[in-house]
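Grab a coffee and work through a few short exercises on the model shown here. Try each task yourself before reading its solution.

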Amino acid sequence: MGIVRYTNESNLTGFILLGFSDHPQLQKILFVIILILYLLTIFGNTSIILVSHLEPKLHTPMYFFLSHLSFLDLCFTSSVIPQLLVNLWFPRKAITYGGCVVQLYVSLALGSTECVLLAVMSYDRYVAVCRPLHYTVLMHPRLCSALASVAWLSGVATTLVQSTLTLQLPFCGHHQVDHFICEVPMLIKLACVDTTFNEAELFVASILFLIVPVSFILVSYGYIAQAVLRIKSATGRQKAFGTCSSHLMVVIIFYGTIIFMYLQPSKSRYKDQGKFVSLFYTVVTPMLNPLIYTLRNKDFKGALKKVLRKVV
């Protein structure tokens, strides 16, 4: 039957996102903090996209992928944060059935795409450090476009499978989601039938989109570390580490928090902590990406100043 839209308890169409209802004293504080972080996310990621497009010197594979990452973060946060802000400010924590479906499909597609894209970016850094003389030949525009397309298509494919299977579960009137976002693990818990197949499918997808990319990234950075240690010049070593440390920092924050959420046991006692952990990959990481990638990057800062001079 799929989702029962009308429950026995009320005429509410959709779900109740409980979110941080257990911490009423924190809700207004979280509202202000998340709103500020969201505005910074929009400003930072939009700046990266515009500057990378307008400045010819930044028409490189690294900034091509970084622009995709910024666009992903803009879309991902916009699929989650506006509803979160509404629920934090108003006492009614409802989300419509259609709103939940859209949020489920879109956020899962974008999150899965980012998992693959970060692995692609680690390959770009591997080639830049370990094969610098062949970098322009190996990372040619057609390959970059193909790799970005694979990342986007894999995200779309996994959400079409996971979200559709989840929405086919009968919920038998259960409509209180103990989270601030419509996510697959939370909706599976509402089902009133055996969900072994769904949980197994979710576990397999988590391995493919979390463990495999993380393993690929660690191997890439293992080779990068070996190559950097062979550089005799201290300045050269520092520059090589600088090009990769920012990406590695993003990887640790992003994958660490998602793995905590998606690979913990379904009856984990850390469910309340999980809501706060989820804030990292839905709110904090998209805001940090522009700062981490640009603050220590002389090329981008120079390009930003050049673009601002043209505008002003």
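What follows is a set of four exercises on a predicted model, each with a worked solution.

**Exercise 1. Overall build**

Task: Work out how many helices and strands the protein chain has, and how its radius of gyration sits against the globule rule.

Solution: Start with the count: the secondary structure comes to 10 helices and 3 strands. Next, put them in sequence order, and you get β-α-α-β-α-α-α-β-α-α-α-α-α. Now for the size. The radius of gyration is 21 Å, and the globule rule gives 20 Å for 312 residues, so the chain is as compact as a globular protein of that length. The C-alpha trace spans about 70 × 45 × 35 Å along its principal axes. To finish, 49% of the 312 residues count as buried.

**Exercise 2. Salt bridges**

Task: Find the salt bridges in the whole structure and say which residues form them.

Solution: A search of the whole structure turns up 2 salt bridges. One joins the side chains of Asp 124 and Arg 125, at 2.8 Å from N to O. Both of these residues, Asp 124 and Arg 125, are buried. The other pairs the side chains of Asp 178 and Lys 275, with an N to O distance of 2.7 Å. Asp 178 sits in the loop between strand 3 (176-177) and helix 6 (184-190), while Lys 275 belongs to helix 9 (residues 271-294), so this pair ties together parts that are 97 residues apart in sequence.

**Exercise 3. Inside or outside?**

Task: Decide whether Asp 178 and Lys 275 are buried, partly exposed or exposed.

Solution: You need the cut-offs here: buried means under 20% relative accessible area, exposed means over 50%, and partly exposed is in between. Asp 178 comes in at 26%, so call it partly exposed. Lys 275 has a relative accessible area of 2%, so it is buried.

**Exercise 4. Surface patches**

Task: Name the residues in the positive patch and in the nonpolar patch, then place one residue of each in its helix.

Solution: Take the charged patch to begin with. Lys 298, Lys 301, Lys 305 and Arg 309 gather in a patch of positive charge on the surface. Arg 309 lies in helix 10 (residues 298-311), and because its relative accessibility is 60%, Arg 309 counts as exposed. Then go to the nonpolar patch on the surface: Phe 203, Val 204, Leu 208 and Val 212 make it up, with about 380 Å² of accessible area together. Leu 208 is found in helix 7 (residues 196-229).

Notes: Residues numbered from 1 in each chain as written. Predicted model: local features only at pLDDT ≥ 70, side-chain atom pairs only at ≥ 80, totals over all residues. Heavy atoms only, no water. Patch = residues over 30% accessible without salt bridge, like charges linked within 9 Å, V, L, I, M, F, W, Y side chains within 5 Å. Areas by Shrake-Rupley, 256 points an atom, 1.4 Å probe, with all protein chains shown as cover. Salt bridge = Lys/Arg side-chain N within 4 Å of Asp/Glu carboxyl O. Lys, Arg positive; Asp, Glu negative; His and termini not counted. Charge placed at Lys NZ, Arg CZ, Asp CG, Glu CD. Helix = DSSP H or I, 4+ residues; strand = E, 2+ residues; numbered from the N terminus. Buried < 20%, exposed > 50% of the residue type's maximum accessible area, 1.4 Å probe, protein only. Rg over C-alpha atoms; globule rule 2.2 N^0.38 Å.
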